[in-house]
Amino acid sequence: MQTDDPAVAEIVDFISGEVGVDSNLLTPETPVAELGISSLDLIETIFKLESRFGIEIPNDGPLSGNDVTVGTLVQHVADLLAAQKAKTA
Amino acid sequence: MPARVAITGLGSLSALGQDVPSHLAGLRAGTVGIGETQGVDVSTMKTKISAEVRDFRPEDHFDPRQLGLLDRTSQFAVVVARQALADAGPALEGVARHRAGAIFAASVGFHAVDDSYHKLYADKAPRPHPFTVPRAMPSGQVSHITMDLGIHGPSFSIASACSSASHAIGTAFHMIRSGMLDVAVAGGAESQITYGMLKSWEALRVLAPDGCHPFSKDRAGLVIGEGGGAVVLENMDRAIARGATIHAELVGFGMSADGMDITAPDMASAAASMRFALEDAGLAPEQVGYVSAHGTATALNDKTETAALRHVFGAHLDRLPVSSSKSQYGHTMNASGALDLVTTVLALREGFLPPTMGFNEPDPECDIDCVANASREAPIEAAISSSFAFGGLNAVLAVRRYEG
């Protein structure tokens, strides 16, 4: 996934390491299920993202469906991070 | 006519070793797998000892993604189930999907509970690991076994405290005998060696401070162990037809409930379960040549069990060797019935009496030949393996040597 935003790049790198998929294969349109990430894997990845970035990803957010894409996942985490920064700034 | 039931596969994992050959070698040599606990910080506990499975490397058995969902208890269960099936050969080949089952002890994934609650309560983590529920659920071990071995017939877990594995094996035995199943993998696994559970057992004041001494006058309680045991049970005709190695014949299963007390045992009820197992097996008491005792090494269990044995076997008890392998691999709780059955089958097959280690001083209230401190050679025709659980849930399995 190409990006100029270092925050997004960090999130992509972290996800790529967790799920064992090369970060170049993580395009925004790719459904995470196509990367071999089961719904249970996604839940664990969300848990690890929360721990890694010190954020809370709500249960009723955009990641609760079965057709989550890489773009949705990364953008949601980036938004939460940005909101957190704004709060503490 | 009820089907006969062959035991065609064995699996074991305990403080004696991580496979059946090392289990057998340990029984024969009188190895004691009890030592200072290494896996848990016991500095705040009076009881420093346990019977741990040392040097178990989960990554040798499971890939990392699989491992994230397996509590130590389920890891043990899958490993012993694999061993038992590998030992049995192609037992599942050609079996209709609904005629092969898996029945195991229901064991809480205590490591998952302990780790997650510690993070919540002590570290103030916002949430526990998301796999806490699948790791902790008591049916986890049997689910993982069905996935791992490709079993699609009747499969479930049985909870009866320290009799769980015996009830599981006995139930599988009944299902084959009645004609419902052709093959079953049955047994139990458990690891309660966590900070929370060691503290809980200590609080109950049943743990021995210095070692496990069943039937010895100086016995002072049980030693917590961990591990797993599994057997493959098979319709006898089918096992013979496919040329399977038959370790022994499972011939009887006796059960009873004390209906008395949540921890204290009851003599009459323990005796009844042994008597029912013999009746079910069509064995006269005099035909039994070895008893694998429940033998926890608490003051109360061992004298109650001795009285129950006397009640069932009468004068024959003077010639009947009875031993407690808990003196070697500790009290493995939900796994104990399965590990003890594996021990009993090996004794029958190999013709030796496993010892009661740690025996220091005779107790008039335990006037039995407990095979003190060294194994002995002896041909055994038939044997029983007893489990008398907390809460008075008793299960006794009877096995007979298979001559072929």
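## Strand E9 of chain B

In chain B, strand E9 is joined to strand E13 (residues 382-389) by 4 bridges, and the two run in the parallel sense. Strands here count as paired if DSSP finds at least two bridges between them; strands (E, at least two residues) and helices (H or I, at least four) are DSSP runs, numbered from the N terminus. One bridge takes Val291(B) to Ile384(B) in E13(B). On another flank, E9(B), residues 288-292, pairs with E10(B) over 2 bridges, again in the parallel sense, and there Ser292(B) has Ser323(B) as its bridge partner.

E9(B) is mostly covered, with 5 of its 5 residues buried. A residue is called buried if 20 or more other C-beta atoms, placed from the backbone, lie within 10 Å of its own, exposed if there are 12 or fewer, and partly exposed in between.

## About the model

This is a predicted model, in which local features need pLDDT of at least 70 and side-chain atom pairs count only at pLDDT 80 or more, while totals for chains, interfaces and linings use all residues. Residues are numbered from 1 along each chain as its sequence is written, and chains are lettered from A and ligands numbered from 1 in the order in which they are written.

## The sheet of chain B

Let's step back to the whole sheet. It is open and mixed, and its 10 strands follow the order E5-E4-E6-E7-E1-E8-E14-E13-E9-E10 in chain B. E5 (155-158) and E10 (322-323) of chain B are the edge strands; each has a single partner strand, so one side of each has no neighbour in the sheet. Helix H3 (residues 72-88) of chain B packs on this sheet, touching E1 (5-13), E4 (100-105), E6 (183-191) and E7 (226-235), and its direction makes about 135° with that of E1(B). Contact means that two C-beta atoms, placed from the backbone, lie within 7 Å; axes are lines fitted to C-alpha atoms, for helices over the stretch in contact, and angles run from 0 to 180 degrees between N-to-C directions.

E7(B) is worth a look too. It is antiparallel to E1(B), with 8 bridges between them, and Ile7(B) stands opposite Leu233(B). E6(B) and E7(B) are also antiparallel, over 9 bridges, with Ser191(B) bridged to Glu226(B). Of the residues in E7(B), 10 of 10 are buried.

## Two positive phi values

Which residues other than glycine have a positive phi? Asp55(B) has phi near 60°, and Ala297(B) has phi near 80°. Asp55(B) lies in the loop between strand E3 (49-50) and helix H2 (64-67) of chain B, and is exposed because 6 other C-beta atoms are within 10 Å. Ala297(B), in the loop between E9 and helix H11 (299-313) of chain B, is buried, with 27 C-beta neighbours inside 10 Å.

## Helix H2 of chain A

H2(A), residues 39-53, has 15 residues, and its end C-alpha atoms are 21 Å apart, in agreement with the expected span of 21 Å, which is 1.5 Å times one less than the number of residues. Its buried residues are Leu42(A), Ile46(A) and Leu49(A). They fall within an arc of 60° seen down the axis, so they line one face of the helix; the arc is that of the directions from the helix axis to the C-beta atoms. An α-helix has 3.6 residues a turn, so residues three or four places apart point the same way.

The buried residues of H2(A) pack against helix H1 (6-19) and helix H3 (70-88) of chain A. After H2(A) comes Gly54(A), with a positive phi near 65°.
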